[in-house]
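This report concerns pairs of oppositely charged side chains in a protein model. Please examine the sequence and structure shown below before reading on.

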Amino acid sequence: MRELKFFLIDFNGNTYIEDVSKLQGVFFSFPSYSNYKTTSKNNCKILSKKPVSFERYKNAFNKVIEEITKGNTYLLNLTFPTQIQTNCSLIEIYNSSKAPFKLYFKDRFVCFSPERFVKIQNNKIFTYPMKGTIDASIPKAREKILSNIKEMAEHTMVVDLLRNDLGIIGYNVRVNKFRFIDKIKAGDKELLQVSSEIEATLPNNWHYNWIELIKKMLPAGSVTGTPKKKTVEIIKEAENYDRAYYTGIFGITDEKTFLDSAVIIRYIENPNNIPSQLHNFTTYPLHNLSTSQLHNYIYKSGGGITIDSNLKEEYEEMIKKVYIPI
């Protein structure tokens, strides 16, 4: 069997590639393979949240809506950092969290992502854009999320964007499944998550330049918006902070027949190792839980904005997405 390669590409396109056997301080878990056996689990909790102020979010939101009305973007994923305090270190959070795709990277960040980016088997490439969530405990939650006009429009735009992205590097693009439901953990809750499956065929020699092919699809459409190039420009202006590794991708490949990758969402970073623009935060207190050792980290989260989005609801959704799935 060929040596597996691990790769990481941040939101700005910076790339890290290493043989899995040579990784130091990098632990990952995929549905098919993991390089690290979890030895212990902690009851990891977020003890407090300090998101950006409503005023800062409002200014960015209004900027996005203005650009939508001008026709410069139709869907934009607006995100911000939230200061959090936890009772666990990053490696303890990695051990405790539950997700299909997990990554601990050199005590810089931890990610517990539910979203695959692309998967390649032989000459077939698949992508699974996620867009649309609802609390599973809500009566008739499945019917409500699937019949919601705004969610339908948002998901359709992302699927169309990802179809175009696959068309850049492959051919015979088709949507195999449209808007199917997965159930995921969200702290002490369960959420219903709406996804689709898109497939394309790759050239027989894809493995000779696999990293260049992957980069042609970045940044990921589900965490940017459409049209992608202009939307990314608007994102950087509206958010005014560095996403860094957040909303990048990570993956593994044998560089011959197999590649799997995930979008870096549900993400906590160590501000001591990654400089962040931490300004204009407001307190969003949770229950006062005491602990002997506290850790101060940054959690980055957000959501898709369309012309039908509600300012207060989007701000609250950004905050609700700050959780550890245990």
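## A pair within one helix

Lys230 is partly exposed in this predicted model, with a relative accessible area of 35%. Its side chain meets that of Glu233 in a salt bridge, with an N to O distance of 3.6 Å. Glu233 is likewise partly exposed, at 43% relative accessibility.

Both Glu233 and Lys230 belong to helix H6, which covers residues 228–239. The two residues are three positions apart, or about one turn of the helix.

## A buried pair between strands

Lys300 and Glu269 form a salt bridge through their side chains, at 3.1 Å from N to O. Lys300 is part of strand E18 (residues 295–305) and Glu269 is part of strand E16 (residues 267–269), so this pair ties together parts that are 31 residues apart in sequence. Both Lys300 and Glu269 are buried.

## A pair that belongs to a network

A salt bridge also joins the side chains of Lys5 and Asp19, with 2.6 Å from N to O. Because Lys5 lies in strand E1 (residues 5–9) and Asp19 in strand E2 (residues 15–19), the pair ties together parts that are 14 residues apart in sequence.

Lys5 is partly exposed, with a relative accessible area of 21%. Asp19, at 12% relative accessibility, counts as buried, because the cut-off for buried is under 20%. Lys5 and Asp19 are linked with Lys22 in a network of salt bridges.

## The structure as a whole

The structure holds 17 salt bridges. Among them are the pair of Glu233 and Lys230 and the pair of Lys300 and Glu269.

Terms used
Residues numbered from 1 in each chain as written. Predicted model: local features only at pLDDT ≥ 70, side-chain atom pairs only at ≥ 80, totals over all residues. Heavy atoms only, no water. Salt bridge = Lys/Arg side-chain N within 4 Å of Asp/Glu carboxyl O. Helix = DSSP H or I, 4+ residues; strand = E, 2+ residues; numbered from the N terminus. Buried < 20%, exposed > 50% of the residue type's maximum accessible area, 1.4 Å probe, protein only.
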